[in-house]
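Let's walk through a few labels and ask what earns each of them. Have a look at the model first, and then we can reason together.

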Amino acid sequence: MAPAPFEATKDFAAAMTSRDPLASYRERFHFPRLPDGSDCIYLCGHSLGLQPKKVRSYVEQELQDWENFAVEAHFRARNPWMPYHEILTEPTARLVGALPGEVVVMNSLTVNLHLMMVSFYRPTAARNKILVEANAFPSDQYAVKSQLQYHGYDPATALIEIAPRPGETSLRTEDIEQRIEADGEKIALVLLGGVNYFTGQAFECSRIADAGHAKGCVVGFDMAHAAGNLHLQLHHWNADFAVWCSYKYLNAGPGSIAGCFVHERHARNPKLPRFAGWWGHDKQTRFRMGPEFHAIASAEGWQLSNPSILSMAALRASMEIFDEAGIGRLRAKSEMLTGYLEFLLGHDRSGRFSIITPRDPAHRGAQLSLRLPQNGRAVCDALAQQGVICDWREPDILRVTPAPLYNSFSDVFTFAEKFRAALQA
Ligand SMILES: Cc1ncc(COP(=O)(O)O)c(C=O)c1O
């Protein structure tokens with residue numbers, strides 16, 4: 001799709017929609033319906049992605065195989081359960097820019113974050129601090145603080161939180177680099193989100209990883225808001241580890257199985273300390289049920305439990321779509337869609353809101369965060385009543401996300417019209 005100068009008209013949005021080579025993917029998802037039977041305008045993929053229509057049959061297949069084979073389904077199911085998670089390895093590696101041995105789907109996000117910190121937050125007397133973004137998602141803050149406390153450190157002194165400059169809403173990469181340069185020798189772990197959940201800022205992971213490594217820090221990323229959103233290159237960026245969930249842009253359903261990346265230089269090292277479970281044990285000898293743990297020499301070596309097949313079935317339906325559409329093409333459309341949203345919002349001169357997400361497409365994903373200092377919650381509710389679903393984050397942020405797999409330029413246009421009307425009301 002060639003970049004076009006945008007126009008703030010319904011016809012233009014419709015023309016863009018009809019020229020969109022990815023438009024048909026929309027048909028592969030269930031949209032919540034309005035009372036009149038029409039689809040809602042769903043702009044909340046940063047929170048919970050829509051259900052791919054194939055999820056039902058993929059989950060039903062596993063229910064049938066369970067019904068028909070019970071325990072033998074581990075080997076006799078159409079997709080045998082024993083190695084089921086391996087079906088997801090290559091698509092996941094392609095999605096996040098990793099080698100197959102660097103990724104695994106397992107557990108949920110915060111659990112994986114803890115597991116990664118067990119292996120990669122290895123504090124010493126001289127180097128024990130963790131650097132995070134100041135407004136990280138609360139679960140990450142709790143996880144990090146509890147890890148510090150677990151190792152006997154006080155978060156008040158051992159946690160370095162880096163905030164935007166006064167009057168700014170995004171972190172500058174050079175400020176992160178300077179902080180790492182200044183304090184790096186005391187920092188054991190740099191842990192940032194790939195995309196900040198509140199502001200929508202996408203961090204420059206490669207530069208941050210380089211800066212951290214130059215000072216001997218481990219560098220990990222929470223990619224909850226980046227997986228399926230940005231064109232990630234985790235291996236190439238040299239991240240030590242990354243974690244993400246699959247229920248946002250990855251559309252695998254509420255609480256679905258999460259993802260984890262361990263760079264090959266660590267993944268192949270079975271001696272790396274970790275919390276172990278039987279599913280991370282060498283597959284050839286797992287069922288000898290021996291007392292000693294021998295880790296699989298890949299990211300799979302961090303698995304604890306046998307994973308939920310039903311959850312993986314849902315993720316499989318979604319990952320097939322990502323593989324077919326290609327994250328490169330999706331990202332190209334996403335930049336256009338979010339750019340169009342920004343353009344249309346720029347036509348509002350009421351001064352009743354501002355966009356806190358970076359303007360540069362390279363520094364954001366699909367989401368725009370709008371600051372509405374007055375009656376913002378009422379605007380969000382009014383939109384929901386008209387079938388426009390975005391979400392509200394206290395104290396004053398409306399998060400709006402056109403997801404390139406299932407949103408159109410016309411969705412964005414309708415949102416902008418209804419948003420303007422809700423603001424005026
Ligand atoms: C950035 C980030 N980190 C962590 C979490 C917590 O995820 P979970 O409940 O899957 O552990 C979320 C959830 O939305 C998130 O957005």
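Q: Which residue stands opposite Val243 of β9, and what makes β8 and β9 a pair?
A: Opposite Val243 in β9 you will find Asp222. In this predicted model, strand β8 (residues 218-222) and β9 share 3 bridges in the parallel sense. Pairing takes at least two bridges, so β8 and β9 count as paired.

Q: How do you know that β9 and β10 pair?
A: The cut-off of at least two bridges is met here too, because β9 and strand β10 (residues 259-262) have 4 bridges, in the antiparallel sense. One of the partners is Val262 in β10, which is bridged to Phe241.

Q: Why are both faces of strand β9 called covered?
A: Buried means under 20% relative accessible area. Phe241 and Val243 on one side of β9 (residues 241-244) are buried, as are Ala242 and Trp244 on the other, so both faces are covered.

Q: What makes the approach of Asp222 to the ligand a polar contact?
A: An N or O atom in the Asp222 side chain is 2.8 Å from a nitrogen atom of the ligand. The limit is 3.5 Å, so this pair qualifies. Tyr247 qualifies too, because an N or O atom of its side chain is 2.6 Å from a ligand oxygen atom. As for the cover, the protein takes up 81% of the 400 Å² of accessible area that the ligand has on its own.

Key:
Residues numbered from 1 in each chain as written. Predicted model: local features only at pLDDT ≥ 70, side-chain atom pairs only at ≥ 80, totals over all residues. Heavy atoms only, no water. Buried < 20%, exposed > 50% of the residue type's maximum accessible area, 1.4 Å probe, protein only. Polar contact = N/O pair within 3.5 Å; in protein donor to acceptor, adjacent residues only side chain to side chain. Areas by Shrake-Rupley, 256 points an atom, 1.4 Å probe, with all protein chains shown as cover.
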